[in-house]
Amino acid sequence: MPKDEAMQLGAMALFGEKYGDTVRVVTIDPNYSVELCGGTHVGNTGMIGAFIIQTETAVAAGVRRVEALTGAQALHYLADKVQQHKHLSELLKTKDPLKSIEKLLEDKNQLEKKLAALEQKECAQIALQLLSEIQNYKDIQFLAKTIDVDSVNALRNIATALKSKIKNTMLVLNALVDSKIQVLVFISEDLVQSKNWDASKIIKEIVAPAIQGGGGGQKTMALAAGTQSDNLNTAIEKIKALAD
């Protein structure tokens, strides 16, 4: 039909091509899709064969993009999926790998909860032990200690467990986690108020440069991570000297 007539029907030119005076119009449904043809590639839709949608995303307001595989590529895709399913079935020794994976994930969540509870209990025990090691220094309670834990959260949990049990106290706890030295500075609220000390400032200005790392936090609790521990003792002495 004439191009002007096609445009009056609401036909969309989707391919950015230049059209002549006479155009071919493809109508799927007058209320759904009337488009200027960008060129047919098959004689009929049956020649397309398998059609597998891979993604469907937003391109612009009211415009969606669908990406799909057809023909031989679609068959290769399906063959790969069948092979993956077979491999999973062999690994999990089941005919229903999806169900087995769901069970594995459920078990994993339960184990993580149990592990967290055990870690919490272990941190509480470590905290009690640390209470007996805190020493008086220049009218404050001070302790610098290397802790054998395997996570940064464990360091935080230990300090949190001590929070309600100590006053007038500064702690400098460190641990080796994932090949990095982690240093936590904890200052009881009363010292923050009376001495105007700031754990975050201490971490950034004293600890982080000493361990060649970075960190931050709050006034009462802050953490740094670094790659070098050679100068950690010097940093601890500088922190301790704040009480002089």
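## Cores, a two-sided helix and charged pairs

Of the 25 residues in the largest nonpolar core, those touching the most other members are Val185, Ile187, Val207 and Ile239. A nonpolar core is a set of buried Ala, Val, Leu, Ile, Met, Phe, Trp, Tyr and Cys residues joined through side-chain atoms within 4.5 Å. Buried means under 20% relative accessible area, exposed means over 50%, and partly exposed lies in between (1.4 Å probe, protein chains only).

Before going further, please note that this is a predicted model, in which local features need pLDDT of at least 70 and side-chain atom pairs count only at pLDDT 80 or more, while totals for chains, interfaces and linings use all residues. Residues are numbered from 1 along each chain as its sequence is written, and side-chain values use heavy atoms, with hydrogens and water left out.

Which elements give two or more residues to this core? They are S6, S7, S8, helix H5 (189-195), H6, strand S10 (221-226) and H7. Among these, H6 gives the most, with six residues. Helices (H or I, at least four residues) and strands (E, at least two) are DSSP runs, numbered from the N terminus. A second, separate core has 23 residues, including Ala127, Val177, Phe186 and Leu223. In soluble globular proteins, nonpolar side chains tend to be buried together.

Now let us look at helix H7 (residues 232-240). Here Leu232, Ala235, Ile236 and Ile239 are buried. Seen down the axis of H7, its buried residues fall within an arc of 100°, so they line one face of the helix; the arc is that of the directions from the helix axis to the C-beta atoms. Asn233, Glu237 and Lys238, on the other side of H7, are exposed. What covers the buried residues of H7? The cover includes strand S6 (140-146), strand S7 (169-177), strand S8 (180-187) and helix H6 (199-210). Ile239 itself is in contact (heavy atoms within 4.5 Å) with Phe142, Met170, Val172, Val185, Ile202, Ile206 and Val207, leaving aside its neighbours within four places in sequence.

Lys240 has a ring for a partner: its charged end sits over the ring of Tyr137, 4.6 Å from the centre. For this, NZ of Lys or CZ of Arg must be within 6 Å of the ring centre and within 35 degrees of the ring normal.

Side chains of opposite charge can pair when their charged atoms come close. Counting a salt bridge as a side-chain nitrogen of Lys or Arg within 4 Å of a carboxyl oxygen of Asp or Glu, the model has five salt bridges. Three of them are listed here.

| Salt bridge | N to O distance |
|---|---|
| Arg64 and Glu56 | 2.6 Å |
| Glu112 and Lys108 | 2.7 Å |
| Asp244 and Lys138 | 3.0 Å |

Asp244 lies in the segment after H7 and Lys138 in the loop between strand S5 (135-137) and S6, so the pair ties together parts that are 106 residues apart in sequence. Asp244 is exposed, with a relative accessible area of 59%, whereas Lys138 is partly exposed at 46%. Glu112 and Lys108 both lie in helix H3 (residues 97-131), four residues apart, about one turn of the helix. Glu112 is partly exposed at 41%, and Lys108 is partly exposed at 44%. Glu56 is also partly exposed, at 43% relative accessibility.
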